[in-house]
There are 2 protein chains.
Amino acid sequence: MNTDRLWLSRFAPTLPDILKTPLEVAHAELAAFPELSVELCLQEDMHEQWAFEKNGNRELLRGGMQGLLYGAYTLIFSHLSHQTMPDGIQSPAYPLRMLNCWDNLSGRIERGYAGRSLFFEDGSVSYDPDRIRTLARLLASCGINTLCINNVNVVENAQRLMEDLLPDVASLAALFRPFGIRLMLSCDFALPLRHGLSTADPLDSQVQDFWRDRAALIWEAIPDLAGFVVKADSEHRPGPFTYGRTHADGANMLARAVKPFGGIIVWRAFVYNCQQDWRDTVTDRPKAAYETYMPLDGAFDDNVILQIKNGPYDFQVREPVSPALLGMHHTHLAMELQLTQEYTGQQIDLFSMPPMWEEIFCDLPPERIGSIAAVANFGRDRCIVGHPFAAVNLYGYGRIAWDPHARAEDIIRTWCTLTYPSFTLDACTKLTDLLLGSRRVYEKYTSPLALCWMVVPAIHYGPSPLGYEFTPWGTFNRADRDAVGIDRTSKGTGYVLQYPKALRELYEDPKTCPEYLLLFFHRVRYDAVMKDGRTLIQRIYDDHFEGYEEVEAMENVLQELYPLLPPEDRELVSARIALQKANAREWRDVVNTFFHRLSGMDDLKHRKIYD
Amino acid sequence: MNTDRLWLSRFAPTLPDILKTPLEVAHAELAAFPELSVELCLQEDMHEQWAFEKNGNRELLRGGMQGLLYGAYTLIFSHLSHQTMPDGIQSPAYPLRMLNCWDNLSGRIERGYAGRSLFFEDGSVSYDPDRIRTLARLLASCGINTLCINNVNVVENAQRLMEDLLPDVASLAALFRPFGIRLMLSCDFALPLRHGLSTADPLDSQVQDFWRDRAALIWEAIPDLAGFVVKADSEHRPGPFTYGRTHADGANMLARAVKPFGGIIVWRAFVYNCQQDWRDTVTDRPKAAYETYMPLDGAFDDNVILQIKNGPYDFQVREPVSPALLGMHHTHLAMELQLTQEYTGQQIDLFSMPPMWEEIFCDLPPERIGSIAAVANFGRDRCIVGHPFAAVNLYGYGRIAWDPHARAEDIIRTWCTLTYPSFTLDACTKLTDLLLGSRRVYEKYTSPLALCWMVVPAIHYGPSPLGYEFTPWGTFNRADRDAVGIDRTSKGTGYVLQYPKALRELYEDPKTCPEYLLLFFHRVRYDAVMKDGRTLIQRIYDDHFEGYEEVEAMENVLQELYPLLPPEDRELVSARIALQKANAREWRDVVNTFFHRLSGMDDLKHRKIYD
């Protein structure tokens, strides 16, 4: 039974809870594998780095305090998955490898699909220390080193985490510390107003004093706190705009308050007009981040990191890389991914993300960013991430955060080998192939060709072709009887102009635009002919029919694997694939019917489209 | 200031709280109008009846205990509105003139738009006795005599009203009693399961015993309780179907339990498949009530009343009369109306209902039903019904419950005269005309030609053309690029066959079908020509443009009236008409755009339709 241990299934069930440092954890982990007789050599200045060296029979792991822990995990994983250890000094690509937990103080996780919060309940900090240690171990084992524990929407009185609940946060931080994981806190930009100030204006000296004093209090309680995450002026959150200030003014003010303690400010760039009139065809939401932040490029302090979502919309199934990530050259940037499957199946439907990240890093040179973040997908469910296979996204995120060049197939295969030791090589290949293809399957039966937003509003699970069409969220498909999509070229909203030349030219022309992004950039007639000779409408129908059939095929593969799965995993997997199939059928029929009613064009293969 | 007194604005502000009987209330009310020197003559056997007699200078009101109260109110109202008293014995058309409050024990009112519950808060019976007396007086003044105080969905532990909270219900009943108002309780059909029984099967003798004992307990506490309201097997509520029994089995079992106490069972006929697959074009939700209950016609006990909504759907802006109301000849029937404006503007948009009821009673001979019920529209808001003008629906309902032949114009004008004594005749006419036309205006800018259900799901305010299209609720418009609507004729779903011959023939043929019901009964091409020569699509566009313009015109009329309104009414009315205008604009543009995108047909008058 490994349901609640995920890829650590063959590790010692628990670690002694007296361990104080990553080095002690490394020793304890290795002790469970006596066949590995490696010597650890601490070299403080190596920090997170490590190197594995073999000298005749003698095996040596050199590294910094955290480096040795990462090296130890890599050594054990390599051993368990029969891989060779890499040569030379190993360094993470990104020093800050964050997870953002959208956990509320009530215990409810915003967009959480794995149960309630592991950290909070009923307005208090509340946790099971054993589960926290299990989580910390999982995260450390794949190299994650920073955890923001509360929702970026600081609601339900979560300001208290920086006030009277600070000692509780400190106790929690102590549980993560031996695993080399530092905490962060999401902060309410309007916090000064809760403390008797009449303003939160970042240029007001009283506000600056407030934050300096508050930071001192906070770092006194948690000396290794990594910093604050801030969602400001976004979806009704308070921010500098209230006071006529820029986001650089706001971020820098906080940055100066936390700098004496080595803290950083992670400033989220998810700012757009969420009150857009659907009649307005000039405003184009994907343009928002670039328009807001490009003029500030270079204006942020050194300890500010601008955190930008991977795509310009909001974690849709398929989006181009955000042009803000490509365009800003004088700002520390973090890319934000989303592990919790808000728009991607909610841990019911299979959606394995490493292939998507591989695609992102094709367009985004990994060195363009200096940090990486992801919205966490775990909770109090027994299997921690809701669906046993959703663990590959957590594990995989850690892997690409350390090395963005890691290949999706390698990540998934290794995760599978570690998680299911009973698997044959053939079974492992089957599951790996299935997961590698799962995003494409999900994409096929949901929203075609990067059209986006055909989901049930608010819930974001299940089809609703016009669900977001007449809302204030800036999320339109403008489908009519002849065509669908928005022209975002230089002749349309001009979004494409935000890209560097090569991508701009690629996306500008429907002939060169990658087909999987076609409807993101172009308005296309249903009778337009695609590269392979099919019309757009036929492509939409084909994708949806195929997507459903491929879910059926996935279920067949899973059925072959059930005998090899632990019973609890089997139960979860089989129940959820049944739901996924029903979901895929619903998407297929609703989207096909929607376009059939609009276009009046029949499926050339005469499959059933409902009237 | 009459905001919280509504049409009793010229009555004595309060009544002494020592009054015990309707006769005492009648005397007290008349005492405030010394210019009315009428003698009251109690004739117990007249019950609710009354007669006004003039003998020279001597004026006499004869009547039963309640009759005298109704007569007194009528006399005062006639006096205040300068109308003559009717001749002869006055009897109510329906002995049971009910209101259903959808109040939950938490204090939240389901579909309530006038604040929280007047009866409950935070899991308890909780009220301000003065406000209860004000409410009772308002209801008695227009002839309402029965009040079901809790939601038909017995949730949030409301079963306790029949358990430990019974003494509190009894205290509340005592406040209503002097006004001739009896309470009812909504009951949970599965109540026996809360008391240790393993079944709620109506044919099980233990269940029958349970209910008999429970009824005895309840009537011991409240000897004049009118009975129970039951929503069974509807929208996930428990019911006889669970045990393979009919609704006659279920209703009769309860009826026999309450019969010894003179109690009645009001059984709601709102039963349909709320899990319908949208792909299923055979099942047709409007057919449900007739299909479920016609086979049971004659099978219900004498003290069972089948309560059927006025239309076959669910309180839409425009529906034909439910064929179940027309077809059942051997069952006691109540028609259920909805005062709370769930689909009709939520007490923001003006929607005065008496004209709608007048229309209903054109197709439904008043004597076809024996009772009448309405979902209440009041709550804890200062003005009780949310919008000062929504009071006309509460007052008007009482009037038609007493006399279904009452004319809408007379009702509205009288209400206006009573409510706003400062109004000139001209102002009164203006407001009367505005309210008389308000439903037609609302209909024009919302959903055309009885198409129904183009609302935002769950919330039911604001447009969403496909919001209910792919849901399990049986609520479809099946709009495609050529046509819209469902063929419910004999060649379609056959719904029309549920009607008596005359209506059946009328509705069967699109040429004779009233145009305002056209899309309820027929699937119609956008280019079909209507009676006045316009195409359907042009009619849709015209209605929506006109509807918005008519809201603007209403606002102009209201602005003329503002100086005559009490300041609090003025504030509410002016704020809400502004919201209504925004709502009308949104409906106009969303619906027009939706149909324009589908049909590709332009507005012949070249008004702006957004792409």
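**Exercise 1. Helix H10 of chain B**

Task: In this predicted model, determine which residues of H10(B) are buried, and check whether its end-to-end distance agrees with its number of residues.

Solution: Ala391(B), Val392(B), Asn393(B), Leu394(B), Tyr395(B), Gly396(B), Tyr397(B), Gly398(B), Ile400(B), Ala401(B) and Trp402(B) are the buried residues of H10(B). That makes 11 of its 12 residues, and the helix is accordingly described as mostly covered. For the length, the helix covers residues 391-402, and a rise of 1.5 Å a residue leads to an expected span of 16 Å. The C-alpha atoms at its two ends lie 17 Å apart, which agrees with that expectation.

**Exercise 2. The barrel of chain A**

Task: Establish in what order the strands of the barrel in chain A follow one another, and then examine the surroundings of S12(A).

Solution: Eight strands of chain A close into a barrel with parallel pairing, in the order S5-S8-S9-S10-S11-S12-S13-S14. From one strand to the next, the twist averages 25 degrees. One of the pairings joins S5(A), residues 96-100, to S8(A), residues 146-148, through three bridges in the parallel sense; here Met98(A) stands opposite Thr146(A). Further along, S11(A), residues 264-268, pairs with S12(A) in the parallel sense over four bridges, and Trp267(A) stands opposite Leu306(A).

Turning to S12(A), residues 304-309, six of its six residues are buried, so the strand is largely enclosed by the rest of the structure. Val304(A), Leu306(A) and Ile308(A) point one way, while Ile305(A), Gln307(A) and Lys309(A) point the other way, and all are buried.

**Exercise 3. The open sheet of chain B**

Task: Find which strands form the edges of the four-stranded open sheet in chain B, and which strands H2(B) touches.

Solution: The order of this open sheet is S1-S3-S2-S4 in chain B, and its pairing is mixed. Its edge strands are S1(B), residues 38-42, and S4(B), since each pairs on one side only. S4(B) runs antiparallel to S2(B), residues 50-55, and two bridges join them; within this pairing, Trp50(B) has Gln90(B) as its bridge partner. H2(B) packs on the sheet and touches S1, S2 and S3 of chain B, with its direction making about 140 degrees with that of S3(B).

**Exercise 4. Cysteines**

Task: Determine how many disulfides there are over all chains, and explain why Cys513(A) forms no bond with its closest cysteine.

Solution: The count over all chains comes to zero disulfides. For Cys513(A), the closest cysteine sulfur belongs to Cys452(A) and is 12 Å away, which is too far for a bond, given that a disulfide requires sulfur atoms within 2.5 Å. In chain B, Cys452(B) is likewise in no disulfide, the nearest cysteine sulfur being that of Cys513(B), 12 Å away. As for their surroundings, Cys513(A) counts as buried at 0% relative accessibility, and Cys452(B) counts as buried at 5%.

**Exercise 5. Positive phi angles in chain B**

Task: For the positive-phi residues His82(B) and Asp233(B), decide whether each is buried or exposed.

Solution: His82(B) is not a glycine, yet its phi is positive, at about 55 degrees. His82(B) lies in the loop between H2(B) and S4(B), and at 71% relative accessibility it counts as exposed. Asp233(B) also has a positive phi, near 55 degrees, in a residue other than glycine. Asp233(B) lies in the loop between S10(B) and H6(B), and at 13% relative accessibility it counts as buried.

**Exercise 6. The two copies**

Task: Work out what rotation superposes chain A on chain B, and which residue of chain A comes closest to the rotation axis.

Solution: The superposition of chain A on chain B takes a rotation of 180 degrees with 0.0 Å of shift along its axis, and gives an RMSD of 0.0 Å. The two copies are thus related as by a two-fold rotation axis. Within chain A, Leu598(A) comes closest to this axis, with its C-alpha at 2.9 Å. Finally, 100% of the interface residues of chain A are also interface residues in chain B, so the copies meet through the same surface.

How values were computed: Residues numbered from 1 in each chain as written. Chains lettered and ligands numbered in written order. Predicted model: local features only at pLDDT ≥ 70, side-chain atom pairs only at ≥ 80, totals over all residues. Heavy atoms only, no water. Expected span 1.5 Å × (residues − 1). Buried < 20%, exposed > 50% of the residue type's maximum accessible area, 1.4 Å probe, protein only. Pairing = 2+ DSSP bridges. Axes fitted to C-alpha atoms, helices over the stretch in contact; angles between N-to-C directions. Least-squares fit on C-alpha atoms with pLDDT ≥ 70 in both. Contact = heavy atoms within 4.5 Å.
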